[in-house]
Amino acid sequence: MADEARIGAGRSTRSLGWAIVLFLVLPITIVVPVSLTDQRFLSLPQDGLSLRHYLNLFQSAEWLSSIAQSFVIALGSMVISVGAGTLCAIGCWRIGSRWSELVRVLMLVPIIVPTIVYALGLYRLWVDLDLLDSYFGVMLAHGVTGIPYVVIIVSTSLANFDPRLEQAARNLGASVPYTLRRVILPSILPGVVSGSIFAFIHSWDELVLVLFIASRAIFTLPRRIWDGINEHLDPTMAAVATALVVVTALLLVLDMRTRRQRTE
């Protein structure tokens, strides 16, 4: 009886798990057939599948410009997030006190505070710094809000790092920068790569901050989709959304492979 109850509980848990997965995934997968519609408005295909909306995506100067802007901003913000987040995580790990825990908590503020509240604060600050509607301003905003992801992931990697390796390097006469570059960073490199991927995805998909601190000069891909929804429901947006999902999925697969290599 106990075995039957355990088997029944396992089946119920799996069923519940698959139900949650379907609930999360189905709204995303429906975008794919909509992007292949043969209609001129957002709808499922009626008479057959069509790739004309994908052709429109890659032939449109506006969409291609938004893709380029999103990529450049995501790349720049990733560099900021990885540099600051990795150094913060290593510094807190080396100090190892209550103050370092407080610093870690402060680094998580961008993902604890609601994004719209953070965007309002950044808007007011960016006005004083004359960073509104500038590439550097958007990169910096995305970089700051991407730091928590890097701090969390790199801190996890440092938790598995043997501090005796650093001590051995220091005892052999290695300087702090040399030890950091040749001992610590190579050991936690998979975590840094994973943090980079998440920082890139965060900037690539971010919308709210761009709406507040950018006007007409900067149109990232999410903002172009947002404006398209407000102005006209062009099925090209479904093609763009499908491309976003594919890019995000590929980056997550890369992250999973990186994590697997770290555990082997």
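Colleague: How many salt bridges does a search of the whole structure find?
Modeller: This is a predicted model, and the search turns up four salt bridges in it.

Colleague: What makes Glu 166 and Arg 94 a salt bridge?
Modeller: Their closest N and O atoms are 2.8 Å apart. The rule asks for a side-chain nitrogen of Lys or Arg within 4 Å of a carboxyl oxygen of Asp or Glu, so 2.8 Å passes. This pair links distant parts of the chain: Glu 166 is in helix H9 and Arg 94 is in helix H4, 72 residues apart.

Colleague: Is Glu 166 buried or exposed, and how do you know?
Modeller: Its relative accessible area is 11%. Buried means under 20%, so Glu 166 is buried. Its partner Arg 94 has 47%, which falls between 20% and 50%, so Arg 94 counts as partly exposed.

Colleague: Okay, what about Glu 101 and Arg 104: how far apart are they in helix H5?
Modeller: They're three residues apart, so about one helical turn separates them. Residues three or four places apart point the same way, because an α-helix has 3.6 residues a turn. The side chains of Glu 101 and Arg 104 meet at 2.7 Å, N to O. Arg 104 is buried at 18%, while Glu 101 is partly exposed at 44%.

Colleague: And where do Arg 124 and Asp 128 lie?
Modeller: Both are in helix H7, four residues apart, and their salt bridge spans 2.9 Å, N to O. Asp 128 has a relative accessible area of 56%, and the exposed class starts over 50%, so Asp 128 is exposed.

Colleague: On to the rings. Why is the pair of Trp 93 and Phe 161 called edge-to-face?
Modeller: The ring centres are 5.4 Å apart and the planes are at 70°. Centres within 6.5 Å make a pair, and planes over 60 degrees apart count as edge-to-face, so both tests are met. Trp 93 lies in helix H4 and Phe 161 in the loop between helix H8 and helix H9, so the pair ties together parts that are 68 residues apart in sequence.

Colleague: Then why is the pair of Phe 200 and Trp 204 called stacked?
Modeller: Here the planes are at 15°, and under 30 degrees counts as stacked, so that's the label. The centres are 5.9 Å apart. Both residues lie in helix H11, and together with Phe 71 they form one aromatic cluster.

Colleague: What makes H11 mostly covered?
Modeller: Twelve of its 17 residues are buried. Among them are Phe 200 and Trp 204, with relative accessible areas of 9% and 7%. As for its length, H11 reaches 24 Å from its first C-alpha to its last, close to the 24 Å expected at 1.5 Å a residue.

Colleague: How do you know that the charged end of Arg 223 sits over the ring of Phe 219?
Modeller: The charged end is 4.4 Å from the ring centre. The distance limit is 6 Å, so Arg 223 passes that part of the test.

Colleague: Last one: what is unusual about the phi of Asp 130?
Modeller: Phi is near 60°, a positive value in a residue other than glycine. Asp 130 sits in the loop between helix H7 and H8. Asp 133 is in the loop between H7 and H8 too, with a positive phi of about 55°. Asp 130 is exposed at 67%, and Asp 133 is partly exposed at 25%.

How values were computed. Residues are numbered from 1 along each chain as its sequence is written. This is a predicted model: local features need pLDDT of at least 70, side-chain atom pairs count only at pLDDT 80 or more; totals for chains, interfaces and linings use all residues. Side-chain values use heavy atoms; hydrogens and water are left out. Rings of Phe, Tyr and Trp (its six-membered ring) pair if their centres lie within 6.5 Å; planes under 30 degrees apart count as stacked, over 60 as edge-to-face and the rest as tilted. Helices (H or I, at least four residues) and strands (E, at least two) are DSSP runs, numbered from the N terminus. Buried means under 20% relative accessible area, exposed over 50%, partly exposed in between (1.4 Å probe, protein chains only). A charge sits over a ring if NZ of Lys or CZ of Arg is within 6 Å of the ring centre and within 35 degrees of the ring normal. The expected span of a helix is 1.5 Å times one less than its number of residues.
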